[in-house]
There are 2 protein chains.
Amino acid sequence: MFRTNLDNIVFFVKYIEKLRNSGLRPTKQRLRICQVLFNTQKTFHFTINDLVKKIKKQINNNISLATVYNTVRAFEKKGYLKQISINSSETYFDTNISNHHHFYDLKEEKLIDLKNSDVGPINIKKKINGKKIKSVEVLVKLED
Amino acid sequence: MFRTNLDNIVFFVKYIEKLRNSGLRPTKQRLRICQVLFNTQKTFHFTINDLVKKIKKQINNNISLATVYNTVRAFEKKGYLKQISINSSETYFDTNISNHHHFYDLKEEKLIDLKNSDVGPINIKKKINGKKIKSVEVLVKLED
DNA sequence: TGTCTAGTTTATAATGATTCTAAAAAGGTG
DNA sequence: CACCTTTTTAGAATCATTATAAACTAGACA
């Protein structure tokens, strides 16, 4: 079913647990998507379309588009992925769920990570009664 | 053609000039949209859909949907409107073109302006070769 | 004032991302 | 294995937005 070297086995056992623990059944499709998204050191940004291409390329197997959408939404809800707030016709997601910011290159339509140390501390002085801050995202738009 | 009190005349003369100066012909439709967007002290956020409703309500006259889209895009390109980077099925625009930031109330799905003085200075330390910063937008997501 | 031309508006069709549907398949419990 | 629930799936439906191409209009100039 999957490649059988030790690293892969470890990876799948880990993600089977992870999915179960968050109330998601560890289906073949979800584990394959985990493999594409998380079986790497590097974090990255992607659209659903990017992900579908990556799945096709990395795994010789088709997952239906609806499932990819469902899975990404489920992972986002569980906090395994973050949606990036940017105006684009497609929705962007980020495998880097830590608090961090982005450059957006308007010409290339590409997102670039800003490390937390690349941005000075952000001080939000205003408070709204009964609401608390969930996240603070900075988007720096770049032009030529 | 339009209401004829002095304030309105002043407003239209001003916007006829403004449009001409930026290379846009001051058509009836564009001037009506200016009236809805800019003939008020208050700035506000809107979607195309909001704007169409506002036009229907304030002006007893139909402007085709395509024209509303074209006009809003044109105004944005000329800097009379700002697009707000937020993930929503509809695109949001802001009549407040000054540098400022937003709260986004996740539950109510509502944008709230943050005055510049509500946010401390933001220091972007990273530089990208050949690119310059066009804008820095902070989006503060709120939960209950 | 009429004519001309490029820019604009318009209704409608087309596009494209995303969600919905409902039937088939699969996971997990006993 | 049997059962029930969740998940997957292909395809249809939806919704915002853009494209199209024909009719119209602003502004320039005679």
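This briefing walks through a predicted model of two protein chains and two DNA strands, topic by topic. Chain B has 40 residues in contact (heavy atoms within 4.5 Å) with 40 residues of chain A. DNA strand C has 21 residues around it, and DNA strand D is surrounded by 20.

Before you start, two notes on reading the model. Residues are numbered from 1 along each chain as its sequence is written, chains are lettered from A and ligands numbered from 1 in the order in which they are written, and side-chain values use heavy atoms, with hydrogens and water left out. Because this is a predicted model, local features need pLDDT of at least 70 and side-chain atom pairs count only at pLDDT 80 or more, while totals for chains, interfaces and linings use all residues.

**Where the two chains meet**

- Chain B and chain A bury about 3,600 Å² between them, with 51% of it on carbon and sulfur atoms; buried area is the accessible area (1.4 Å probe) that two parts lose on being put together, summed over both.
- On the chain B side, B:Asn87, B:Lys131 and B:Lys141 lose the most area to chain A, together 18% of what that side buries.
- The rule finds six salt bridges across this interface, a salt bridge being a side-chain nitrogen of Lys or Arg within 4 Å of a carboxyl oxygen of Asp or Glu.
- B:Lys141 also takes part in a salt bridge with A:Glu137, where the closest N and O atoms are 3.1 Å apart.
- Between chain B and chain A, 24 residue pairs are in polar contact, both residues being at pLDDT 80 or more. A polar contact is a pair of N or O atoms within 3.5 Å; within protein, one must be able to donate a hydrogen and the other to accept it, and residues adjacent in sequence count only if both atoms are side-chain atoms.
- Strands E2 (82–84), E4 (101–105), E5 (110–114) and E6 (132–143) of chain B each give two or more residues to the side that touches chain A. Helices (H or I, at least four residues) and strands (E, at least two) are DSSP runs, numbered from the N terminus.
- E6(B) provides the largest share of that side, 12 residues.
- By class, the side of chain B that touches chain A has 17 nonpolar, nine polar and 14 charged residues. Here Ala, Val, Leu, Ile, Met, Phe, Trp, Tyr, Cys and Pro count as nonpolar, Asp, Glu, Lys and Arg as charged, and the others, Gly among them, as polar.

**Strands that pair**

- Strand E6 (residues 132–143) of chain A runs antiparallel to E6(B), joined to it by 11 bridges; two strands pair if DSSP finds at least two bridges between them.
- Along this pairing, A:Val138 has B:Val138 as its bridge partner, and A:Lys141 stands opposite B:Ser135.
- Within chain B, E4(B) and E6(B) pair in the parallel sense over four bridges, and B:His102 has B:Leu139 in E6(B) as its bridge partner.
- Chain A has an open, antiparallel sheet of three strands in the order E1-E3-E2. Strands E1 (45–46) and E2 (82–84) of chain A stand at the edges with a single partner strand each, so one side of each is left without a neighbour in the sheet.

**Around DNA strand C**

- Of the 21 residues around this strand, A:Tyr69, A:Thr91, B:Thr27, B:Gln29 and B:Arg30 come nearest; a residue is near a strand if one of its heavy atoms lies within 4 Å of it.
- Sugar and phosphate account for 78% of the atoms of DNA strand C that come within 4 Å of the protein.
- A phosphate oxygen lies 2.7 Å from a side-chain N or O atom of A:Tyr69, and a polar side-chain atom of B:Arg30 lies 2.7 Å from a phosphate oxygen.
- H4(A) gives the most to the surface near DNA strand C, with four residues.

**Around DNA strand D**

- The closest residues are A:Thr27, A:Gln29, A:Arg30, B:Tyr69 and B:Thr91.
- Sugar and phosphate make up 76% of the atoms of DNA strand D that come within 4 Å of the protein.
- A polar side-chain atom of B:Thr91 lies 2.6 Å from a phosphate oxygen of DNA strand D.
- The largest share of the surface near this strand, four residues, comes from H4(B).
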